[in-house]
Amino acid sequence: LVNAIYRIGNAQVSQFTTATVEIEDEEVKGKIIGKEGRNIKTFERYAGVELLVDETPNAIVISCFDPVRRAIAKNALEMLIKDGRIQPVKIEECLEKAKKDIGIFMKKKGQEAVLACGILSIPEELIPIIGRLYFRTSYGQNVLDHSIEMAHIAGILATELRADPYVAKAGALLHDIGKAVDHEIQGTH
């Protein structure tokens, strides 16, 4: 039993702490590393991730516990590989662009969730935080998908009980909002 749990547990941890960027040419790994490791050190320092370059053939693995930071790093690394000019200044530029792109993506995901639930009274500053739930998992389930499901169920239950379905939906959509909170956003779960 312990062996079975251990084997399944490792797959889960790996899935939720790493991202993989496929590469066509192994020479890209040398460019990522750079002269005396300058490029990889710059990328890891600014992105807050660890790059595993020699572990997997035709791929670079990004390791980080923070799923948003991991997504930013993956986006930036894909931009760098596509561009081909991998140098410290370009690394910083791509990371900044990726950070903005992921911010826009989170806002879009938050807006989609609010619209899917039919809730129009959510304060604008909560929308990107709701969208951050897209990058979180709990018990193997995407937290944003779970929250949307809960909002629909809460709306149905509230209607059956002759309560306000909009209040119930809003409460259910926001019930796990604290899981999106980290050191960058003030407050507790």
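**Figure 1. Leu174, a partly exposed leucine of helix H8.** Let's start with Leu174, which counts as partly exposed at 23% relative accessibility (buried is under 20% relative accessible area, exposed over 50%, and partly exposed in between, using a 1.4 Å probe and protein chains only). Leu174 belongs to helix H8, residues 165-174 (helices are DSSP runs of H or I with at least four residues, strands are runs of E with at least two, and both are numbered from the N terminus). The model is predicted, so local features need pLDDT of at least 70 and side-chain atom pairs count only at pLDDT 80 or more, while totals for chains, interfaces and linings use all residues. Residues are numbered from 1 along each chain as its sequence is written, and side-chain values use heavy atoms, with hydrogens and water left out. Which residues does Leu174 contact, leaving aside its neighbours within four places in sequence? They are Ile122, Leu126 and Ile130 (contact means heavy atoms within 4.5 Å). Met150 sits 24 residues away from Leu174 along the chain, and the two C-alpha atoms are separated by 9.6 Å.

**Figure 2. Helix H5 and its buried face-builders, residue by residue.** Helix H5 has 30 residues and covers residues 88-117. From the first C-alpha to the last, H5 reaches 43 Å, close to the 44 Å expected at 1.5 Å a residue (the expected span is 1.5 Å times one less than the number of residues). The buried residues of H5 include Pro88, Ile91, Cys94, Leu95, Ala98 and Ile102, and further along come Met106, Gly110, Ala113, Val114 and Cys117. What do the buried residues of H5 pack against? Their partners are helix H3 (38-47), H4, H6, helix H7 (143-160) and H8. After H5 comes Gly118, with a positive phi near 70°.

**Figure 3. Helix H4, from its cap to the glycine that follows.** At the N-terminal end of H4, Asp66 acts as the cap: one of its side-chain oxygens lies 2.9 Å from the backbone nitrogen of Val68. The 17 residues of H4 (residues 67-83) should span 24 Å at 1.5 Å a residue, and this agrees with the end C-alpha atoms, which are 24 Å apart. Among the buried residues of H4 are Pro67, Val68, Arg70, Ala71 and Ile72, along with Asn75, Leu77 and Leu80. Gly84 follows H4 and has a positive phi, near 90°.

**Figure 4. An aromatic cluster of Phe105, Tyr134 and Phe135.** By the ring rule, the count comes to three aromatic pairs (rings of Phe, Tyr and Trp, the last by its six-membered ring, pair if their centres lie within 6.5 Å; planes under 30 degrees apart are stacked, over 60 edge-to-face, and the rest tilted). Phe105 and Tyr134 make an edge-to-face pair, 5.1 Å centre to centre with 75° between the planes. Why does this pair tie together parts that are 29 residues apart in sequence? Phe105 lies in helix H5, whereas Tyr134 lies in the loop between helix H6 (127-132) and strand E4 (137-138). Tyr134 also pairs edge-to-face with Phe135, at 5.2 Å centre to centre and 90° between the planes. Ring pairs thus link Phe105, Tyr134 and Phe135 into a cluster. Phe105 is partly exposed, with a relative accessible area of 27%, and Tyr134 is partly exposed at 33%, but Phe135 counts as buried at 16%.

**Figure 5. Two buried cysteines, Cys64 and Cys117.** How many disulfides does the structure hold? The count is zero (a disulfide is a pair of cysteine sulfur atoms within 2.5 Å). Cys64 is buried, with a relative accessible area of 10%, and Cys117 is buried too, at 1%.

**Figure 6. Positive phi at Glu36 and Arg162.** Most residues other than glycine have a negative phi. Glu36, though not a glycine, has a positive phi of about 55°. Glu36 is found in the loop between helix H2 (27-33) and H3 and is exposed, with a relative accessible area of 73%. Arg162, likewise not a glycine, has a positive phi of about 60°. Arg162 is in the loop between H7 and H8, and counts as exposed at 78% relative accessibility.

Key:
Polar contact = N/O pair within 3.5 Å; in protein donor to acceptor, adjacent residues only side chain to side chain.
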